[in-house]
Amino acid sequence: MPKLAHFRAKHGVPEAARPDSPASILHVDMDAFFVSVELLARPELKGVAVIVGGQRDQRGVVTSASYQARKFGVHSAMPLRTAAKRCPHAVFLDSHPERYGQWSDRIAAILSRYSPVVEMASVDEAYLDLAGTERLHGPPLAAAHKLSREITSTTSLPCSIGVGTSRLIAKVASEQAKPHGLLWVAPGGEEAFLAPLPVRRIPGIGEVTEAALKVLGIATIAQLQAARLESLEENFGQWGVALYRKARGIDSYEFFVDAQAKSLSHNQTFGEDTNDREQLEATLSYLCQKASKRVRDAGLYAHTVTLTLRYADFRTISRGHTLAEPSDLDTVFLKAVGELFHRAWDGRAKLRLVGVEFSYFSAGPSGQLDLLDPGRREKLERLARATDRLRDKFGFSKLQFGGSLGHRERR
C-alpha cells in the first residue's frame with residue numbers, strides 16, 4: 001500500500017480561489033464500485049439491474065446498485081426488501097468486502113504512481129494532489145485522462161474523475177461526470193460551475209440543512225452564493241461560515257501526509273440474530289484475523305483491543321483490553337478478544353452484530369515486557385508472514401486459522 005495522505009481543517013477568513021490557482025486536485029470516484037467488482041466475476045450480468053448487499057428477502061441494506069437499478073429509485077442504504085419492491089426484476093448479490101478491499105488496494109497502488117499525495121477517502125474514492133508532477137505526467141487534465149485510462153485498462157473497473165482547484169470542486173465535478181467521465185473546472189470558474197446546481201450537491205449538506213436553507217428561500221447554490229456571510233453566520237453559526245466557503249468552492253481542508261491510522265476495525269451484522277456460540281466465536285476469530293493482517297500490512301503494533309456486541313434490541317456494548325506489550329500477532333489478539341467475549345456475553349442473549357477494533361498504535365513493540373518466549377515469538381512471526389503472503393496471492397478467505405472456518409462456511 002502507498003503512503004497515504006489525510007486532511008485537516010483550515011481556519012481563517014474565507015478567500016475565493018484565485019484565477020491563477022492551479023487546478024491540480026483530482027477526485028477519483030469508482031462508478032458503482034461494489035457492483036462493478038461483482039460483475040468481474042459475473043460478466044453475464046452487465047447491462048442488468050444488479051443490487052449488492054444481500055438477498056431480496058433478507059434483513060439488511062443495499063450497499064451498491066447498478067445504474068440500471070438506480071433508475072427505479074434504488075440507492076445505497078435502502079432496505080433490501082424495499083429495493084426488491086421498487087425493482088423486482090433485479091438480480092440480488094451478497095456483498096464480498098474482502099474482494100472490494102483487494103481491488104481498492106490495487107487502485108490505490110495505481111494512484112500512488114501519479115502523486116505522492118493520495119488520500120483514500122473511502123474504499124472506492126480518493127483525492128490526489130498533482131502539484132509538481134507535470135514533468136512526469138503532463139498538465140493535470142492530461143494526467144487525469146491518462147489515469148482514467150490506466151485504471152480501466154488495468155482493472156476493467158470504470159471510474160469518474162473531477163479536476164479542480166480544491167477537493168470540494170473536484171468531488172462535485174466527478175459526480176457531474178458520472179458515469180465514466182472526466183470533468184475539469186478551470187481556475188476562476190468555480191462559482192459559475194456550482195451556481196446552477198441544487199444546494200444538496202455540496203458535500204456536507206444533507207436533508208436538515210437543505211430544509212433550513214429552503215426556509216430562507218435558498219434552493220440553488222447561486223442563491224447561497226448571494227446570501228450575506230453575516231446572515232448565514234447568524235442562522236447557522238460556524239456552519240454558516242462553512243456554507244459561505246463551500247458555495248464558492250473554497251475548501252475547509254488541506255492535505256497533510258500521515259499514514260498512521262488511529263484505529264482499525266471490522267464488524268459483522270448477522271442476517272438473523274443469533275446466540276450460536278460456535279458461529280459467534282468463529283466470526284470473531286475471522287474478524288480478528290482480518291484486522292490483524294491490516295495491522296501488519298501497515299507496519300504497526302496495536303496496544304488496545306476492543307470488542308463490540310450489539311444485541312437484538314440494538315443495545316450496544318464495548319469492552320476493551322490494553323495489552324502489556326503492543327503486538328501485531330493473531331494469537332495475541334485472538335486470546336484478548338476471546339477473553340473479552342467470554343466475560344461480556346452471558347451465552348444466552350441473541351446478538352445482531354459483533355466487531356473488533358485495534359487502536360493506540362506504535363511503530364514497534366517496546367520490548368519492556370515481552371510475555372512470549374523469544375523462540376515462540378519468532379515462530380509466530382514467521383507463520384504470520386507466510387500466512388499473509390498466501391492470503392495476498394490466493395485471497396484472505398482461502399486460508400484461515402481453525403477457529404474461523406465455521407464463519408467462512410456460513411458466508
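Strand S8, residues 159–164, is mostly covered in this predicted model: six of its six residues are buried. Side chains in a regular strand alternate between the two faces of the sheet. In S8 both faces are covered, with Cys159, Ile161 and Val163 buried on one side and Ser160, Gly162 and Gly164 buried on the other.

S8 has a strand partner in S2, which spans residues 25–30. The two run antiparallel and are joined by six bridges. If you want a place to look in the viewer, Val28 stands opposite Ile161 of S8. Ile161 is also one of the buried residues on the face it shares with Cys159 and Val163.

Strand S9, residues 182–184, pairs with S8 as well, this time in the parallel sense and over three bridges. Here Gly162 sits opposite Leu183 of S9. Helix H7, residues 167–177, joins S8 and S9 in a β-α-β unit, and the unit is left-handed. That handedness is a nice detail to trace by eye, going from S8 over H7 to S9.

**Ser292 and its surroundings**

Let us move to helix H13, residues 277–297, where Ser292 is found. Is Ser292 buried or exposed? Ser292 has a relative accessible area of 0%, so this residue counts as buried. The side chain of Ser292 reaches the backbone oxygen of Cys288 at 2.7 Å. Leaving aside residues up to four places away in sequence, Ser292 touches Asp328, Asp330, Phe333 and Phe358.

**Salt bridges**

One of those neighbours, Asp330, also takes part in a salt bridge, with Arg296. Side chains of opposite charge can pair when their charged atoms come close. The structure holds 13 salt bridges, and three of them are set out here, with the distance between the closest N and O atoms.

| Basic residue | Acidic residue | Closest N and O atoms |
|---|---|---|
| Arg99 | Glu38 | 3.2 Å |
| Arg296 | Asp330 | 2.8 Å |
| Lys335 | Glu339 | 2.7 Å |

Take the Arg99 and Glu38 pair, whose closest N and O atoms are 3.2 Å apart. Arg99 lies in helix H4 (residues 97–111) and Glu38 in helix H1 (residues 33–41), so this salt bridge ties together parts that are 61 residues apart in sequence. Arg99 is partly exposed, with a relative accessible area of 27%, whereas Glu38 is buried at 3%.

Next comes the pair of Arg296 and Asp330, at 2.8 Å. This salt bridge also links distant parts of the chain: Arg296 is in H13 and Asp330 in helix H14 (residues 330–344), 34 residues apart. Why does Arg296 count as buried? The relative accessibility of Arg296 is 14%, and buried means under 20%, so the residue falls in that class. Asp330 is buried too, with a relative accessible area of 5%.

The pair of Lys335 and Glu339 stays inside one helix: both residues lie in H14, four residues apart, about one turn of the helix. Lys335 counts as exposed at 55% relative accessibility, and Glu339 counts as partly exposed at 31%. Elsewhere, salt bridges that share partners join Asp29, Asp31 and Lys178 into one network. Asp29 brings us back to strand S2, residues 25–30, the antiparallel partner of S8.

Definitions and conventions:
Residues are numbered from 1 along each chain as its sequence is written. This is a predicted model: local features need pLDDT of at least 70, side-chain atom pairs count only at pLDDT 80 or more; totals for chains, interfaces and linings use all residues. Side-chain values use heavy atoms; hydrogens and water are left out. Buried means under 20% relative accessible area, exposed over 50%, partly exposed in between (1.4 Å probe, protein chains only). Two strands pair if DSSP finds at least two bridges between them. A crossover is right-handed if, with the strands pointing away from the viewer, the path from the first strand over the helix to the second runs clockwise. A polar contact is a pair of N or O atoms within 3.5 Å; within protein, one must be able to donate a hydrogen and the other to accept it, and residues adjacent in sequence count only if both atoms are side-chain atoms. Contact means heavy atoms within 4.5 Å. A salt bridge is a side-chain nitrogen of Lys or Arg within 4 Å of a carboxyl oxygen of Asp or Glu.
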